[in-house]
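Biologist: Before I read anything into this model, could you take me through it one question at a time?

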Amino acid sequence: MAGKASKLGTAVGAPGCEDVQTCTDAEGGHGILRPSFAGHSLSSPDYAQNSNVENLPPHIIRLVYKEVTTLTTDPPDGIKVFPNEEDLTDLQVTIEGPEGTPYAGGLFRMKLLLGKDFPASPPKGYFLTKIFHPNVGANGEICVNVLKRDWTAELGIRHVLLTIKCLLIHPNPESALNEEAGRLLLENYEEYAARARLLTEIHGGAGGPSSGRAEASRALASGAASSTDPVVPGGLGGADGPMAKKHAGERDKKLAAKKKTDKKRALRRL
């Protein structure tokens, strides 16, 4: 198992990743990080209004604000944090797929939610970008010990984000939420890597000039929770896009032809 499962981590030296473990509870089940708002979708109005800021003590809010500000101005390598201006406890994040892994070239969106008991209780994290990974469930749940039994109040948000990135390098098939991914990682690494790369190319925007990185960043910066973005400048339908330029060119040609006709008419009058 170690020979095949460790292939993800051999190409990248990632300090601190050697201690990453996926989570199991006392009964041997998975410590799944599920959203705590049963019945609501990630983009529903009810979810958007489910803020924990008012439940946090002022000194905790100040600590969170300080760390989030630091993460925004000085983020860890390959990670970007997009604070929600209306809810400090709702952090939107992008993580670049580590080089040397099937996730390389992808940009993965995720959520980190701070509960009312933070930092006594760990935050909840889950992927918004679909990913083929043993320790990520179908709905984006993440299974890693730092967000379960290994959590301590001193760890902080930066440590959580680095641990989740390390999970892309060192998955644990023995504690899989995605059983198929865990099985392939153990039995057929090449097939596992091919599946992971395929989903990274489809959903993570890897493998081409239109990689979707800018699109994901725009969506997160604007607080979007869905994967569909409105038409933006520079897009096909935007004010500066190729369609707009085409129409502008046709309009200029018609205007020039009209001026030429008017000039001929004026000369005839003379």
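The questions below go from the whole chain to single helices, the core, ring pairs and a few single residues.

Biologist: What should I know about how the values were obtained?
Modeller: This is a predicted model, in which local features need pLDDT of at least 70 and side-chain atom pairs count only at pLDDT 80 or more, while totals for chains, interfaces and linings use all residues. Residues are numbered from 1 along each chain as its sequence is written, and side-chain values use heavy atoms, with hydrogens and water left out.

Biologist: Which pattern of helices and strands does the chain follow?
Modeller: Helices (H or I, at least four residues) and strands (E, at least two) are taken as DSSP runs and numbered from the N terminus. The chain has 9 helices and 4 strands. Along the sequence they come in the order α-α-α-α-β-β-β-β-α-α-α-α-α.

Biologist: What percentage of the residues in the chain is buried?
Modeller: Buried means under 20% relative accessible area, exposed means over 50%, and partly exposed lies in between, with a 1.4 Å probe and protein chains only. Of the 270 residues in the chain, the buried ones make up 40%.

Biologist: Where do the buried residues of helix 4 sit around its axis?
Modeller: In helix 4 the buried residues are I60, V64, V68 and L71. They cover an arc of only 60 degrees around the axis, the arc being that of the directions from the helix axis to the C-beta atoms. An α-helix has 3.6 residues a turn, so residues three or four places apart point the same way. The buried residues are therefore on the same side of helix 4.

Biologist: Which exposed residues does the face of helix 4 turned away from its buried side carry, and what covers the buried residues?
Modeller: The face turned away from the buried side carries P58, R62, Y65, K66 and T73, which are exposed. With contact meaning heavy atoms within 4.5 Å, the cover over the buried residues of helix 4 includes strand 1 (79-84), strand 2 and helix 5.

Biologist: Is helix 5 largely enclosed or exposed?
Modeller: The buried residues of helix 5 include G156, I157, V160, L161 and I164. Because 11 of its 14 residues are buried, helix 5 is, by the rest of the structure, largely enclosed.

Biologist: How far apart are the end C-alpha atoms of helix 5?
Modeller: The expected span of a helix is 1.5 Å times one less than its number of residues. For the 14 residues of helix 5 this gives 20 Å, which agrees with end C-alpha atoms that are 21 Å apart.

Biologist: Which element gives the most residues to the largest nonpolar core?
Modeller: A nonpolar core is a set of buried Ala, Val, Leu, Ile, Met, Phe, Trp, Tyr and Cys residues joined through side-chain atoms within 4.5 Å. The largest one has 40 residues, and M110, F127, I157, L161, I164 and Y192 have the most contacts inside it. The element that gives the most to this core, with 6 residues, is helix 5.

Biologist: Which residues does L161 contact, leaving aside its neighbours within four places in sequence?
Modeller: With those neighbours left aside, the residues in contact with L161 are L71, I79, V81, V93, I95, M110 and L112.

Biologist: How are the planes of F118 and W151 arranged?
Modeller: Rings of Phe, Tyr and Trp (its six-membered ring) pair if their centres lie within 6.5 Å, and planes under 30 degrees apart count as stacked, over 60 as edge-to-face and the rest as tilted. The structure holds 5 such aromatic pairs. The centres of F118 and W151 are 6.0 Å apart and their planes lie at 40 degrees, so this pair is tilted.

Biologist: How many residues apart in sequence are the parts that F132 and Y192 tie together?
Modeller: The ring centres of F132 and Y192 are 5.8 Å apart, with planes at 40 degrees, so the pair is tilted. F132 lies in the loop between strand 4 and helix 5 and Y192 in helix 7 (residues 189-203), so the parts tied together are 60 residues apart in sequence.

Biologist: Which peptide bond is cis?
Modeller: P119 has its place in the loop between strand 3 and strand 4. With omega near 5 degrees, the cis bond is the one from F118 to P119.

Biologist: Which backbone oxygen does the side chain of T101 reach?
Modeller: T101 lies in the loop between strand 2 (87-96) and strand 3 (107-113), and at 9% relative accessibility T101 counts as buried. At 2.7 Å, its side chain reaches the backbone oxygen of P98.

How values were computed: Polar contact = N/O pair within 3.5 Å; in protein donor to acceptor, adjacent residues only side chain to side chain.
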